[in-house]
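User: I am new to this structure and would like to learn how to read the way helices pack and how an enclosed space is lined. Could you take me through it step by step?

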Amino acid sequence: MPSLFSCFGRGSQRQRREDADDPPFVKTHIRESKRARDKTHNHEPVVLPPMPEERDELNRLFSELMDELDFSEARKVEMMKMPDDKKWQLYCSSLKKADDSKKAASEQAHSPDSYVDQLNILKNLPFDHDVAELANRAKTLDHIKTALRTQPNTFVVRFIELDGLDTILAFLNEMDHDFRQSVVHTSIIGCIKSVMNNTHGRAHVLGHNRGIKIIAQSLYGDNSKAKVAALEILGAVCLVPHGHRKVLQAMSHFQRFADERTRFQTVVLDLDRAGAAGTEGVPLQTGIMSLINALMSHFQ
């Protein structure tokens with residue numbers, strides 16, 4: 001298991017000596033300016049796509065571009081008098097700017113900031129019995145889950161800084177009975193699994209005062225996929241320092257949450273039902289046995 005902690009520098013006489021040895025600003029500025037000019041003058045030429053062979057086609061494309069840019073009729077007439085190669089250059093330049101704008105918009109739409117905003121919107125929506133609507137919400141959460149699993153560490157760090165993890169846990173904690181049985185529950189706990197695949201994210205979940213307890217609440221209800229995900233998380237937590245105690249505390253919390261007579265009552269009953277369900281119950285049965293083995297093998 002990777003370490004959950006990371007270690008997080010001053011001016012000195014040596015630094016002052018280094019500063020004194022630096023060349024004067026003016027000389028440095030001149031050298032940098034010359035370097036910048038050389039770079040500008042020696043840049044590679046832009047390669048344009050092939051120009052249409054038919055001039056009518058070129059004029060049609062150029063005319064559409066001018067319509068899109070809302071040029072006046074008088075200006076259109078003047079622009080159409082330009083050489084064909086100039087028209088094509090302007091057309092391709094405009095397409096590139098449009099593509100760059102779309103790319104920037106796409107990056108913004110898939111940023112941690114955007115995902116946290118989407119989470120807050122979904123968290124505040126009431127339950128909807130429309131299956132298609134719930135599937136759309138789950139799809140949005142699955143996109144967030146995938147991003148948290150596949151994006152660089154800086155993405156996860158920024159997501160947590162924006163209270164993304166707190167929003168996920170609040171979402172999970174505030175679910176009513178209907179939400180707990182839906183695909184939304186399965187997708188939101190999948191987001192937590194993705195966060196915990198990251199060292200920084202895992203440390204924040206384990207350091208959250210109620211994080212593991214909230215995750216354990218997913219054992220309540222009939223959503224077997226959400227239960228399996230929660231069991232996998234709890235089993236993995238047992239393997240980290242002090243994780244065993246956190247899981248037992250979470251199960252004690254779940255006893256009160258689910259109004260159990262004894263701790264692990266729900267888990268034992270689910271194990272029995274999963275065994276009677278045949279192949280459909282195998283994932284749940286495996287998840288329960290893995291948690292039990294983790295608790296027994298890593299007793300502290």
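User: At what angle do the axes of helix α15 and α17 cross?

Analyst: Please keep in mind that this is a predicted model. As a general idea, two packed helices are described by the angle between their axes and by the distance between those axes. In this case, the axes of α15 (residues 243-257) and α17 come within 10 Å and cross at roughly 125°. Because angles from 65 to 115 degrees count as roughly perpendicular and those over 145 as roughly antiparallel, α15 and α17 are oblique to each other. The crossing in which α15 passes α17 is left-handed.

User: Which residues of α15 and α17 make the contact?

Analyst: On the α15 side the contact is made by H244, V247 and L248, and on the α17 side by L291, A294 and L295. Sorted by character, the residues of this contact are five nonpolar, one polar and no charged.

User: Turning to the enclosed space, what volume does the largest cavity have, and which residues line it?

Analyst: The largest cavity has a volume of about 40 Å³, and its lining is formed by L219, K227, L231, T266, V267, D270, L284 and I288. The elements that give two or more residues to this lining are α14 (224-237), α16 (265-276) and α17 (282-297), with α16 giving the most, namely three residues.

User: How many residues of that lining are nonpolar, polar and charged?

Analyst: The lining of the largest cavity divides into five nonpolar residues, one polar residue and two charged residues.

Conventions. Residues are numbered from 1 along each chain as its sequence is written. This is a predicted model: local features need pLDDT of at least 70, side-chain atom pairs count only at pLDDT 80 or more; totals for chains, interfaces and linings use all residues. Side-chain values use heavy atoms; hydrogens and water are left out. On a 1 Å grid over the protein atoms alone, a cavity is a set of points where a 1.4 Å probe fits but cannot get out, and a pocket is an open set with protein on both sides within 12 Å along at least five of seven lines; lining residues have an atom within 4 Å of a point. Grid points are joined across faces, edges and corners, and a volume is the space filled by probe spheres set on the points. Helices (H or I, at least four residues) and strands (E, at least two) are DSSP runs, numbered from the N terminus. Ala, Val, Leu, Ile, Met, Phe, Trp, Tyr, Cys and Pro count as nonpolar, Asp, Glu, Lys and Arg as charged, and the others, Gly among them, as polar. Axes are lines fitted to C-alpha atoms, for helices over the stretch in contact, and angles run from 0 to 180 degrees between N-to-C directions. Angles under 35 degrees count as roughly parallel, over 145 as roughly antiparallel, 65 to 115 as roughly perpendicular and the rest as oblique. A crossing is left-handed if the near helix is turned anticlockwise from the far one by less than a right angle, and right-handed if clockwise. Contact means heavy atoms within 4.5 Å.
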